[in-house]
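This report describes selected features of the structure shown below. It takes up ligand surroundings, then helices and their packing.

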Amino acid sequence: MQLQDLLYGVTIKELVGRTDREVNTLNFDSRKVTENDVFFAITGTVADGHLFIEQTIVQGAKAIICENLPEINDFDVTYIKVENTSITLGIMAGNFYGNPSNDLKLIGITGTNGKTTIATILFKLFKDLGYKTGLISTVENYVNNVVVAATHTTPNPLALNALLRDMVDAGCDYCFMEVSSHAVSQHRIEGLNFSGGVFSNLTHDHLDFHKTFDSYLKAKKAFFDVLPKTAFALTNIDDKNGMVMLQNTKAYKKTYALKQLADFKAKITENGFSGLHLDIDNEDVYFKLIGSFNAYNLLAVYGTAILLEQDKLKVLTLLSRLTGAEGRFDYIVSADKVIGIVDYAHTPDAVQNVLGTIADIRKGTEQVITVIGCGGDRDKTKRPVMAQVACDWSDKVILTSDNPRTEDPAVIISEMEAGVSPTNKRKTISILDRREAIKTACHLAKSGDIILIAGKGHEKYQEINGVRNHFDDKEILLEQLNPAS
Ligand SMILES: CC(=O)N[C@H]1[C@@H](OP(=O)(O)OP(=O)(O)OC[C@H]2O[C@@H](n3ccc(=O)[nH]c3=O)[C@H](O)[C@@H]2O)O[C@H](CO)[C@@H](O)[C@@H]1O[C@H](C)C(=O)N[C@@H](C)C(=O)N[C@H](CCC(=O)O)C(=O)O
Ligand SMILES: Nc1ncnc2c1ncn2[C@@H]1O[C@H](COP(=O)(O)OP(=O)(O)OP(=O)(O)O)[C@@H](O)[C@H]1O
Ligand SMILES: N[C@H](CCC[C@H](N)C(=O)O)C(=O)O
Ligand SMILES: [Mg+2]
């Protein structure tokens with residue numbers, strides 16, 4: 001491909017060399033650069049890509065996109081100085097793949113909790129409505145019927161545009177994608193043409209990366225700020241930041257709520273282990289998903305489908321048959337009636353939500369036993385809070401390891417223990433080995449009791465010092481609980 005064609009839409013601050021030259025592929029990782037590639041020097045959280053420029057030229061790079069021009073030794077190489085390399089990567093990745101987001105309807109879902117659930121249900125719904133559809137999510141990506149493993153909630157611009165290209169080539173009409181706050185801050189979604197944006201809620205998370213709640217909020221809001229006026233922006237106005245998201249958007253604004261008047265409204269009429277009953281937009285509908293927070297997710301899905309001009313009754317009929325996303329309030333019932341729930345809740349708010357949901361629907365006499373850990377190399381401030389929330393809402397809590405990554409899991413557990421009040425100490429035990437922790441919970445449980453295994457949801461691994469060992473909460477639960485059928 002010609003370098004000059006890839007530069008369409010890029011503001012160049014300084015150019016050394018020619019742009020009428022053929023280049024091979026785009027790369028932001030020096031380790032992957034080969035002959036005739038374009039290398040993007042990005043200043044990251046750990047390394048500075050500018051330090052690898054010379055190395056990439058040795059490997060054959062013919063164009064360098066950077067924020068600071070290096071010393072120029074090779075006149076056969078084209079150097080392009082830009083204001084922001086990450087933004088430029090987004091624009092050029094779009095050009096490289098033929099800007100696929102222009103050729104389907106791309107809907108982004110953002111917020112602290114609910115993105116995977118909303119995106120996955122939308123994907124299933126639109127497939128059931130008869131459309132070829134794509135999904136980009138934490139759990140997995142789909143190009144219509146083909147699964148593509150997910151590495152991030154929102155992939156980097158090259159992977160993202162490659163996926164969208166495959167979706168367009170496969171004839172997809174829609175793509176539902178999660179937009180993480182990291183992706184917004186790092187410009188992974190730059191240059192994409194969204195037809196709609198959905199906001200779920202905003203609570204404490206990722207403050208290790210964003211530092212303050214305000215900058216986290218701004219990252220989420222920045223997604224809505226760049227939506228075009230042809231797009232819709234659908235927000236949850238029961239969340240106190242719901243309207244803030246839409247303050248500066250050019251998109252047309254739509255709202256959903258359970259507690260007040262909104263464009264899309266619902267009321268919970270029944271909430272039990274057999275499902276949710278909602279009065280939604282004046283229709284009485286039964287849903288298989290459980291828990292009041294899922295009423296919000298269903299409402300976001302319903303609103304999106306209506307804004308995408310789908311038929312109301314058809315949407316509600318299909319939605320009422322759907323199950324949620326893997327590892328999100330995923331439950332089994334054992335032969336002797338112990339209920340085991342695997343949930344991805346890994347923030348204080350999500351843990352509270354899940355346990356609150358369990359509290360809403362339990363009968364009252366049974367015990368709730370929670371197994372919970374916190375990830376290493378992630379926001380440390382949430383550790384004591386998650387333990388505290390777990391204790392406040394459970395009869396027994398087993399503190400254990402999640403993905404320790406490069407941290408010592410015993411230290412993570414001790415940081416969680418710091419949040420356990422003296423009165424709650426008696427109901428808490430710490431078992432470092434997560435498998436043993438789950439086994440212990442199963443042994444402690446009697447008929448009718450509810451076990452919650454929180455934090456890892458769909459994950460099929462446990463990451464310890466860069467190595468991912470097979471680990472599956474649900475598999476262990478199934479082994480231990482001997483399901484009814
Ligand atoms: C904190 C974070 O988001 N990091 C992402 C970021 O890496 P970084 O900025 O730390 O990169 P870096 O290591 O400092 O390197 C800077 C640049 O130098 C380059 N480099 C580096 C070394 C080298 O030898 N040669 C070289 O060229 C790198 O390729 C990079 O371009 O850019 C990388 C490339 O896109 C991502 O893979 C990486 O995601 C890491 C693995 C990660 O774990 N991210 C998580 C936190 C994340 O993004 N999570 C959100 C969801 C969160 C949620 O909502 O739950 C997600 O969207 O998945
Ligand atoms: N609308 C909601 N409000 C609050 N909590 C929710 C909501 N939806 C789901 N949850 C809880 O939050 C957890 C994460 O849900 P989900 O995976 O759908 O969110 P996410 O935004 O994709 O999260 P992540 O950023 O970690 O990928 C679930 O396991 C569930 O317990
Ligand atoms: N997408 C989130 C998931 C965290 C899940 C939890 N199991 C953990 O490892 O902390 C992250 O990478 O921060
Ligand atoms: Mg997700």
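The shell around ligand 3 has no nonpolar, six polar and four charged residues, where Ala, Val, Leu, Ile, Met, Phe, Trp, Tyr, Cys and Pro count as nonpolar, Asp, Glu, Lys and Arg as charged, and the others, Gly among them, as polar. The residues around ligand 3 include His-346, Arg-378, Asp-402, Lys-456 and Glu-459; a residue is near a molecule if its C-beta atom, placed from the backbone, lies within 6 Å of it. This is a predicted model, in which local features need pLDDT of at least 70 and side-chain atom pairs count only at pLDDT 80 or more, while totals for chains, interfaces and linings use all residues. Residues are numbered from 1 along each chain as its sequence is written, and chains are lettered from A and ligands numbered from 1 in the order in which they are written.

The two shells divide by class as follows.

| Shell | Nonpolar | Polar | Charged |
|---|---|---|---|
| Ligand 2 | six residues | 13 residues | four residues |
| Ligand 3 | no residues | six residues | four residues |

Around ligand 2 there are 23 residues, of which Asn-113, Gly-114, Lys-115, Thr-116 and Thr-117 come nearest. Helix 4 (115–128), helix 10 and helix 12 (348–361) each give two or more residues to this shell; helices are DSSP runs (H or I, at least four residues), numbered from the N terminus.

In helix 4, 12 of the 14 residues are buried, that is, with 20 or more other C-beta atoms within 10 Å of their own, C-beta atoms being placed from the backbone. Among them are Lys-115, Thr-116 and Thr-117. The end C-alpha atoms of helix 4 are 20 Å apart, which agrees with the 20 Å expected of 14 residues at 1.5 Å a residue, the expected span being 1.5 Å times one less than the number of residues. Gly-130, just after helix 4, has a positive phi of about 105°.

Helix 10 (residues 292–307) packs on helix 11 (residues 312–321) at an angle of about 145°, and their axes are 10 Å apart. Axes are lines fitted to C-alpha atoms over the stretch in contact, and angles run from 0 to 180 degrees between N-to-C directions. Helix 10 contributes Leu-298, Val-301, Tyr-302, Ala-305 and Ile-306 to the contact, and helix 11 contributes Lys-312, Val-315 and Leu-319; two residues are in contact if their C-beta atoms, placed from the backbone, lie within 7 Å. Seven of these residues are nonpolar, none is polar and one is charged.

Ala-305 counts as buried because 22 other C-beta atoms lie within 10 Å. Beyond its neighbours within four places in sequence, Ala-305 is in contact with Leu-125, Gln-310 and Val-315.

Notes:
Buried ≥ 20, exposed ≤ 12 C-beta atoms within 10 Å, placed from the backbone.
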